[in-house]
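Good morning, and thank you for coming. Please look at the structure on the screen while I speak, and keep the sequence at hand.

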Amino acid sequence: MKILKSWLNDWIDIEDINSNDISEALESLGFEIESKTDKTPNYKNILVGKVLEIYEHPNADKVRITKVDVGSKTYEIVCGAWNFDVGAVVPVALPNSEIKDGFKINKRDIRGVESNGMICSASELDLWDDHSGILKLSSETKLGSDFSTIYSSNDTLWEIGVTPNRGDCMSHLGIARELSNYFNLSLQENSNELKPNIESVIKVNSGRIKACNSYQSIEIENFKLDDSNLNIRYRLSAVGVRVINNVVDYTNYVLHDIGQPLHAFDRDKLFGTISVRFAKDKEILKTLDEQERKLDTNDLIITDDDKPIALAGVMGGYDTEVTDKTNNLLIESAYFDKVSVMKTSRRLNLISDASIRFERGIDFNLQKQGLQRFVNLFENDQDIFYSNIIDSSKNGITYNEVKFRKYEIEQILGVELDDEFIKNTLTKLKIEANVSDTEIIFTSPSWRYDLERPIDLIEELAKHYGFNNFASTLPIGNNLNSKGDYWDKRLYLSKILSSSNFYETQTLSFTDSYSNELFTPEKKSVNVINPIDRSQEYLRTNLLSSLINIYKFNVENNNHSNRYYEINNVYDDSNHKIFKHIPNQEYSLGLLIPEIETIEDDRLKTKSNDINSLTNTIKKLFPLCEFEQLSRPGFHKNYSYLIKLENKIIGYMGKLSYKNKSEMELEQSLYIAQINTENFEFKQLEDNIYKPLSPYPYIKFDLSFSVTHDFQASDLIHLIESILKENENNISIFDNFTNEKTRNLGIRIVTRNYDKTYTEAESTQILEMIVKEAETKFKIKLNRRAENAT
Amino acid sequence: MAELNFDKVLASLKLRLNEIVDEAEFDDVLKEYTGKDSLLSVERKKLSTLSKDDKKTYGEKLNNVNNSITSNIKKAEQEFINKKYTSLENEENEDITIDWITRSGTHRHVISQVMDEVVEIFASIGYKVAFGPEVETSWHNFDALNTPDWHPARYESDTLYTDHNLETLLRTQTSTVQIRHMENNDPPVYIVAPGRVFRSDQLDATHSPVFHQLEGLAIDKNLKFTDLKGTLEYFVKQFFGENIETKFIPHFFPFTEPSAEVLVKWNNGEWLEILGCGMVDPNVLDHVGYSKEYQGFAWGVGIERLAMLKYQIDHIKNFYENDLRFLEQF
């Protein structure tokens, strides 16, 4: 919302307060400063003059010659505008003056007649956009005055954010009320009593509808549709309102001045009684913008005896609007319920200055003052006739007293506020209150919807006390030992993967059905009913497609083939495992390793990966995990495994199927895995138990066994570990030679006794035992004993 | 007596030493000139045949020659070794301005890094990480957070729903975790909840349908507005540096009261909003059935916003495209 310093000054005397101090005040009261502009005239040496004579130009039809009196002297000026007559008071740019943007005005010959400058339009003086001709001023303006002195040409404009709970601050009066406490100034009374001089013609009955608490109107006769005065037009255009004519301008002015939206009807187009009701389904109203609106039963409308005449609080009807043929007016000033206005304006996408104010809630006692202000403004310019205010209010809104203990203030804020501050603030904000030693009893004023509970008033006091005036204390929470299982797991996984050449990605959670069905056809997807992009309406059931997309993107765009991981949710339509009424969501880890990997050292060639690169990574993450072969959709027939941790399935992994590789137009195979981090606990990952170091020398055997193709090397390692379980061991596979007929597995055993040095004989005995047990248990055969050391 | 021409011996030694190509030869030369079969040794054997005076004189002379030979060899050996090392080091002359390893980041996504950093700061003052679902009920996302059913935030133009009755949705704020956590845990509560939130926005320079927030919640006996201020000032200083200026300005959120926004003064003098916060509204505590003796505060901070400020990233799309050129910078 835009506010003008000179306009605020109508309500509180802030002329001498520096505008930076006002900015600070506004901000500390909760009005975010979106911008602050110091306004200065964008012209120089413009005077006020009066047109004394007008005559034809001898050589041109489109311009006229005027004689203009600027107080001290009379000048001949050629003018191209036709919207004025003799007697018009106008802004004049004499030679040596400047109009908008530094454009210099000098004497000029116009088709053989010397013109001593120009008569200016509002646009030429950068006041507002107006192409209808020159700017006409009040006939009472003193001739020869410096134009910049006849309105607030040096001013400050703020654009501020008003929070949704503060509808009462959507006007200059509302802001001034808040500032009056900050600067300790008193608020002016700006409405004059009316002296009605005609009888009203139209009956008004707002009916029993709750959505309209108050409907008041006034009728005006003998008015002339004209420009409103300079000051009104200056202010409205400064706050971003288009100036149109006096009737429209004054309704807009009242709205920005005190926050009461008004609507002007052509009285002579109304028949019978004005009333308020909800529309019938499919009822039609043609609104001011000439659109036929199809209404429904949630739309509050104003009607006369014949027809709907306005959408309450949103937009007036086309048939009853004020035109240049209008002779008599009926001005509506009403209170409409915020929810009703909001529903209609959002549904029809009709958002206006009025609807915004009704939506936030206007003062339910302001309707009369709105009409008074309107008539006061009109009276200033013209001798008009007007009726009594017709009041069809129900007084259906009352606020109860709220009572609370004063110590509650300290309990919430941590600071005790003294009585004088409290009393003074409440007085300035016009909140009726009784402050005793122990209690505060208050009643919210008619414009404050946000003061229903003790906490609401405590907030109000805190705000006016100034948030930055509170002390700061640092309480310490009760969780100093752990960040929580969820976060510990995330950090653990990230730490290992990021140090193993994986790049972490963050991709959007949306996908298409193809990507979900590719790897997880068993899961039913959750879909967004109002997606941003119809092709991405599903929530992903796996992270694999996202990882592959990122992999492909970076191969294509950066020619880099890298490892990636992502830790995020996957979703499916089954029931959530803990919470009711929401779909299942699993916080998961996705991994991708390409067959050929770009190495980060440019001197080296690429690195080749195989299925073991993936299993190694997973083993590194989950030292106690085991793999179980199981063909899954999207995966290679053999290279497809479940990952189990302590007999619980935590995920699956394998190689992308050749079919998918080809369909996705990938040049390389990919090794991929997805793990549900909710299926294990952080403590299951901690395999880091200290193994004591034996002081005795090691013995080492390199053995080569002939094994079958489906033999699992880990079984052999586990067997040897169990045989040597009393020792400090290091058992590893150093060779796995495979051809069509045979497979040889090379295993290295390094072991130390904790109590002694092995003799040659003991060493041989151990070796023989291992070979014998291995051969018996697995039906494998020792090829050779490659080496047998000390 | 015919004395050996020692000058000649030393001259020949010099020539011999010049010919050396391998470090091991120095021992051979020493043996050659002072060993058992050396000329010096032959001369020494003659000493016993000399008179006492001559023996003394010639003996001393032989000793001097011996010392001179030994020291010449030692010196030559030292020089040889030094020369060898110098030439080895001379040969090693890499151009260190070449970056063979050009990708230097930590391999963690910048959003995760910023989340970790924020979590770490709050963990250091006793907060634990809590976690809640991303597809939520409308009740948890709005009603429980004091946002009535006519509130504009609930319109389909802003919020992504997953059922036609508008009962489940993609959460628009991590504040939902406050409710989930309080429903399942008794006070006191000191938690932070980092995570994804969703809005109906196209991915572009300034918007994303997915972004990250971190929600904080402290509920205990006697937590006050002054504690809220102290806690968030601590965070801001930890994250942006000790000298950062902070201010609190009043704001409005449906589920806190009083509510505030925290602004920090940036290098260019501009004040930037980085946090929304407030004292938890009594209605929210009622919804989860906490007793009246407990109260506290909550805050929310945008992770992308912090990352953009900290690393001067100007394009939100960068975060979600995962272009390696972006990923490897952090």
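Let me begin with a definition: buried area is the accessible area, taken with a 1.4 Å probe, that two parts lose on being put together, summed over both. The size of an interface is often given in this way. Please also keep in mind that what you see is a predicted model.

With that definition, let us turn to the two chains. Between chain A and chain B, about 8,000 Å² is buried, and carbon and sulfur atoms give 59% of this area. In terms of residues, 92 from chain A are in contact with 96 from chain B. Polar contacts link 47 residue pairs across this interface, counting pairs in which both residues have a pLDDT of 80 or more. On the side of chain A that touches chain B, 39 residues are nonpolar, 32 are polar and 21 are charged. The count of salt bridges between the two chains is seven.

I should like to show you one of these salt bridges in detail. Where in chain A does A:R453 lie? The residue is found in the loop between β26 (439-443) and α11 (454-465) of chain A. Its side chain meets that of B:D281 in a salt bridge, with 2.7 Å from N to O. The side chain of A:R453 is also joined to the side chain of B:N283, by a polar contact of 3.2 Å. Leaving aside residues up to four places away in sequence, A:R453 touches A:V402 and A:F442 in chain A, and B:E257, B:D281, B:P282 and B:N283 in chain B.

A second pair to examine is B:R196 and A:E566, which form a salt bridge with their closest N and O atoms 3.7 Å apart. B:R196 lies in strand β4 (residues 189-198) of chain B and A:E566 in strand β30 (residues 563-575) of chain A, so this pair joins two chains. Are these two residues buried or exposed? B:R196 has a relative accessible area of 1%, and therefore counts as buried. A:E566 is buried as well, at 0%.

Let us now look within chain A. Its domain assignment gives domain 1 (2-38 + 155-182), domain 2 (44-149), domain 3 (203-391), domain 4 (401-469), domain 5 (485-685) and domain 6 (699-789). I shall concentrate on domain 1 and domain 3 of chain A, whose centres, taken over C-alpha atoms, are separated by 26 Å. Here 17 residues of domain 1 are in contact with 18 residues of domain 3. Together these two domains bury about 1,400 Å², with 55% of it on carbon and sulfur atoms. On the domain 1 side, A:K2, A:W7 and A:M170 lose the most area to domain 3, together 42% of what that side buries.

How many salt bridges are counted between domain 1 and domain 3 of chain A? The count is one. A:R235 forms a salt bridge with A:D10, and their closest N and O atoms are 2.6 Å apart. The elements giving two or more residues to the domain 1 side of this interface are β1 (2-4), α1 (5-8), β11 (155-161) and α3 (172-182) of chain A. That side divides into eight nonpolar, five polar and four charged residues.

Next, consider a single glycine, A:G370, in helix α8 (residues 367-381) of chain A. A:G370 counts as buried because its relative accessibility is 0%, and the cut-off for buried is under 20%. Not counting residues up to four places away in sequence, A:G370 touches A:V254, A:I258, A:Q260, A:L262 and A:S333.

Finally, I return to salt bridges, of which the count over all chains is 60. In chain A, the side chains of A:E98 and A:K104 meet in one, at 3.3 Å from N to O. A:E98 is buried, with a relative accessible area of 14%, whereas A:K104 counts as exposed at 56%. In chain B, B:K265 and B:E245 form another, at 3.9 Å from N to O. B:K265 lies in strand β7 (residues 256-265) and B:E245 in the loop between α8 (225-240) and β6 (246-253), so the pair ties together parts that are 20 residues apart in sequence. Some salt bridges link into a network, and one such network consists of A:R166, A:D168, A:E178, A:R448, A:D450, A:E460 and A:K463.

Thank you for your attention.

Key:
Residues are numbered from 1 along each chain as its sequence is written. Chains are lettered from A and ligands numbered from 1 in the order in which they are written. This is a predicted model: local features need pLDDT of at least 70, side-chain atom pairs count only at pLDDT 80 or more; totals for chains, interfaces and linings use all residues. Side-chain values use heavy atoms; hydrogens and water are left out. Domain bounds come from an automatic or database domain assignment. Contact means heavy atoms within 4.5 Å. A salt bridge is a side-chain nitrogen of Lys or Arg within 4 Å of a carboxyl oxygen of Asp or Glu. Helices (H or I, at least four residues) and strands (E, at least two) are DSSP runs, numbered from the N terminus. Ala, Val, Leu, Ile, Met, Phe, Trp, Tyr, Cys and Pro count as nonpolar, Asp, Glu, Lys and Arg as charged, and the others, Gly among them, as polar. Buried means under 20% relative accessible area, exposed over 50%, partly exposed in between (1.4 Å probe, protein chains only). A polar contact is a pair of N or O atoms within 3.5 Å; within protein, one must be able to donate a hydrogen and the other to accept it, and residues adjacent in sequence count only if both atoms are side-chain atoms.
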